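Me: I am new to this structure and would like a close look at one part of it, the nonpolar patch on its surface. Could you walk me through that, and then show me a few residues elsewhere for contrast?

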Amino acid sequence: MNNPFLSLKHTNYRYYIIGMFISNIGTWMQNIAQPWLAYQITDNAFQISLVSAMQFLPTLLISAFAGAIIENQDKRKMLFYTQSVLLITTLSMAILVFFGLIRYWHILVLATFMGIATSFDMPIRQSFVIQLVPKNNLMNAIALNSTVFNLARILGPAVAGMILAYYGTGVCFLINSVSFLAVILSLFFIHPLEPPIPVTNERIHLKSVLKNVLEGFSYIARRPEISIILLSSFVVSCFGMNNSVLLPVFVTKVLHMQETSYGFITTCMGIGSFAGALILASKSTKGPSRFFLTIGPLLLGLSLTAVGILNEYLTTLILFSSIGYFFVSYAATANTSIQLLVHDEYRSRVMSIYTLVNAGTVPIGNLFTGIIVTSFGASIGFLVNGAVIIVLMALFCLKIFFGKS
């Protein structure tokens, strides 16, 4: 088995990954606390889905343009700006909770601000990694990044569950705001490799941005191997990652449990995700796996469907481990495949469109799920989301294997 930690020999990457690990722990704590707070205030699944939709709506509207804007910019400097905005936004949420001033509309507004910052932050981080390691270590770096991200997904929800039970949501938001300092500090020690496209200080004009965006979509249209990955990513992200809407309702109304169990279920998902990312990192020199690009999403859909059918705590823990495993195995493989397929001059634009179909489609899935849960309950929500993935991914597989003629 190959060394899963190969990329850590590069100093730039070590600083980056340590900062991101600390920040991701805080982010996962907020990901647990925010929908729980919204549910406490509203007791309404659709209003929870609206919070998540507002957080990811800017990604849907902005991310395609973000790639064109950041194409020739200093990624390290722009990452400093986005992380600072996220710090201020989450700190504002913590202060409102601590002083008892928090209202539902505050959550909506602050979630929107976070979404705007994230719309730029995600494609910047996606295209920044290639400046931290040589290209032959890129797949290992991406897989290791997923490993660290999902290790945080294990620790963050587990800690959040206990903090929610004993101290409330405000402490989770405060910890997340402080955690952004880890990334900001790490940027002062990083000296990136020369970017594939030279950095310029030219002013950004709307006409050139629109031209670059259209060129990005045109490039993808000419590359069917990239297009099919983006389409399948849309399906997986839109219908596979609606747990912020489903879980608070499922835990309280179906399983009849509280904060700690909510955190444990998300932690189990993190354990599965961590295992998937670590295995991919170990096999990184073999290249992307076609199995995870095609069969993995089908197994993800089956796991979601099983959660909706069985409605039992222990099986939910096991199934969420498999959900995490198949989702991360797919996502990391899709990310690596696109990064290896795309030409350097289109990288930021294509990765921003990749961000669009991953995070930008979440509002669609969240609102769809919120309507289903409000009308029919959380169990049916899991069942419907899983079934949609199975049907659509089965069609994609038929297209890949039999539709080339």
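Reply: Happy to! Let us begin with a term: a residue is called buried under 20% relative accessible area, exposed over 50%, and partly exposed in between. Please keep in mind that this is a predicted model.

Now to the patch itself. Twelve names are a lot to take in at once, so here they are by residue type, as a list you can follow in the viewer. The aromatic members are Tyr15, Phe98, Phe99, Phe188 and Phe189. Joining them are Leu91, Leu101, Leu174, Leu181 and Leu185, together with Ile95 and Val178. Together these side chains make a nonpolar surface patch of about 1200 Å².

Which helices each supply at least two residues of the patch? They are α3, which runs over 75-98, and α6, which covers 169-187. Helix α6 gives the most, with four residues. One patch member to pick out is Val178, which lies in α6. Its relative accessibility is 48%, and because that value falls between the two limits, Val178 counts as partly exposed.

For contrast, look at some buried residues. Cys172 has a relative accessible area of 0%, so this cysteine is buried. Is its sulfur bonded or unbonded to another cysteine sulfur? The closest cysteine sulfur belongs to Cys268 and is 18 Å away, too far for a bond. A disulfide needs two cysteine sulfur atoms within 2.5 Å, and by this rule the count comes to zero disulfides. Cys238 is another buried cysteine, with a relative accessible area of 1%.

Next comes Asn140, in helix α5, which spans residues 138-166. At 2% relative accessibility, Asn140 counts as buried. Its side chain has a polar partner: the side chain of Ser7, in a polar contact of 2.7 Å.

The last stop is Ser303, found in helix α11, residues 290-310. Ser303 has 7% relative accessibility and therefore counts as buried. A polar atom of the Ser303 side chain lies 3.0 Å from the backbone oxygen of Leu299. Leaving aside residues up to four places away in sequence, Ser303 touches Leu319, Ser322, Ile323 and Phe326.

To return to where we started, Val178 is partly exposed, whereas Cys172, Asn140 and Ser303 are buried.

Definitions and conventions:
Residues numbered from 1 in each chain as written. Predicted model: local features only at pLDDT ≥ 70, side-chain atom pairs only at ≥ 80, totals over all residues. Heavy atoms only, no water. Patch = residues over 30% accessible without salt bridge, like charges linked within 9 Å, V, L, I, M, F, W, Y side chains within 5 Å. Areas by Shrake-Rupley, 256 points an atom, 1.4 Å probe, with all protein chains shown as cover. Salt bridge = Lys/Arg side-chain N within 4 Å of Asp/Glu carboxyl O. Buried < 20%, exposed > 50% of the residue type's maximum accessible area, 1.4 Å probe, protein only. Polar contact = N/O pair within 3.5 Å; in protein donor to acceptor, adjacent residues only side chain to side chain. Contact = heavy atoms within 4.5 Å.
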